[in-house]
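I opened my notebook on a chain that was new to me. Below is what I looked up, in the order I got to it.

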Amino acid sequence: MQIWVDADACPNVIKEILFRAAERMKIRTTLVANQPLRTPPSLYVKSIQVQAGFDVADNHIVQALQAGDLVITADIPLAAEVIAKQGHALNPRGQFYTPENIRERLRIRNVMEEMRNSGVMTGGPPALSQADRQAFANQLDRFLARQAKQGG
């Protein structure tokens with residue numbers, strides 16, 4: 001099992017939590033982005049820069065993903081693809097996308113996109129709060145502890 005990070009839009013504070021977890025749990029963590037990224041010197045953390053373009057980083061993650069891997073993303077279509085490949089998807093606010101909730105999330109996303117395309121200003125998500133950061137760290141820790149207990 002390894003962790004993949006949809007890193008172009010991932011908040012730095014979330015990346016820092018992931019870097020610490022990678023070291024503590026000795027788990028491969030790969031950040032994928034279409035821009036250069038700084039990562040700490042580590043045996044467990046690396047970054048991959050892909051070409052610029054719509055969904056290029058997402059497609060790289062989906063192609064490299066193995067069943068059981070964890071993907072950190074706020075991108076709902078990417079999360080749906082991860083789930084379809086039997087991976088796990090966690091957003092930076094500490095919420096897991098699941099087979100049970102992904103269809104509804106996609107539906108809401110599509111409605112919001114239609115509204116934006118028709119000129120309705122919907123605004124973006126609120127800034128990441130301290131509670132969001134804590135929720136992410138807690139979910140990540142619980143997930144990694146479960147994986148370690150199951151042997152990978």
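I went to strand β2 (residues 29–33) before anything else: 5 of its 5 residues are buried, so the strand is largely enclosed by the rest of the structure. For me, buried means under 20% relative accessible area, exposed means over 50%, and partly exposed is in between (1.4 Å probe, protein chains only). Helices (H or I, at least four residues) and strands (E, at least two) are DSSP runs, numbered from the N terminus.

A note on what I am looking at: this is a predicted model, where local features need pLDDT of at least 70, side-chain atom pairs count only at pLDDT 80 or more, and totals for chains, interfaces and linings use all residues. Residues are numbered from 1 along each chain as its sequence is written, and side-chain values use heavy atoms, with hydrogens and water left out.

**β2 and its neighbour**

Which way do the residues of β2 point? Thr 29, Leu 31 and Ala 33 point one way, Thr 30 and Val 32 point the other way, and all are buried. I then checked the pairing: strand β1 (residues 3–6) runs parallel to β2, and 4 bridges join them. Ile 3 has Thr 29 as its bridge partner in β2, and Asp 6 stands opposite Val 32.

**The whole sheet**

I wrote down the strand order next: β3-β2-β1-β4-β5-β6, an open sheet of 6 strands with mixed pairing. The edges are β3 (45–49) and β6 (96–97), each with a single partner strand, so one side of each is left without a neighbour in the sheet. Two strands pair if DSSP finds at least two bridges between them.

**The chain overall**

I noted 5 helices and 6 strands in the chain. Read from the N terminus, the elements run β-α-β-β-α-β-α-β-β-α-α. The radius of gyration is 15 Å, close to the 15 Å that the globule rule gives for 152 residues, so the chain is as compact as a globular protein of that length. That radius is taken over C-alpha atoms, and the rule is 2.2 Å times the number of residues to the power 0.38. Along its principal axes the C-alpha trace spans about 45 × 35 × 30 Å.

Of the 152 residues, 37% are buried. I also looked at contacts (heavy atoms within 4.5 Å). Among those with a separation of 6 or more, 51% come from residues 24 or more positions apart.

**Asp 58**

Is Asp 58 buried or exposed? Asp 58 is buried, with a relative accessible area of 7%, and its place is in helix α2 (residues 56–64). Leaving aside neighbours within four places in sequence, I found Asp 58 in contact with Asp 6, Asp 75 and Leu 78. Asp 6 is the residue I had already met opposite Val 32 in β2.

**Two residues with positive phi**

Most residues other than glycine have a negative phi. I looked up two with a positive value. Phi of Lys 26 is near 55°; this residue lies in the loop between α1 (12–25) and β2. Lys 26 is exposed, at 56% relative accessible area. Gln 86 has a positive phi of about 65° and is found in the loop between α3 (76–84) and β5 (88–90). Gln 86 counts as exposed too, at 59% relative accessibility.

**Helix α5**

Which residues does Phe 136 touch, apart from its neighbours within four places in sequence? I listed Ile 14, Ile 17, Leu 18, Ile 72, Leu 90, Asn 91, Pro 92, Arg 93 and Gly 94. Phe 136 is in helix α5 (residues 130–150) and is buried, with a relative accessible area of 0%. I also took a distance from here: Gly 119 is 17 residues away along the chain, and the two C-alpha atoms are separated by 33 Å.

Asp 141 is found in α5 as well. Asp 141 is partly exposed, with a relative accessible area of 38%. Asp 141 and Ile 3 are 138 residues apart in sequence and 13 Å apart in space, C-alpha to C-alpha. Ile 3 takes me back to β2, where its bridge partner is Thr 29.
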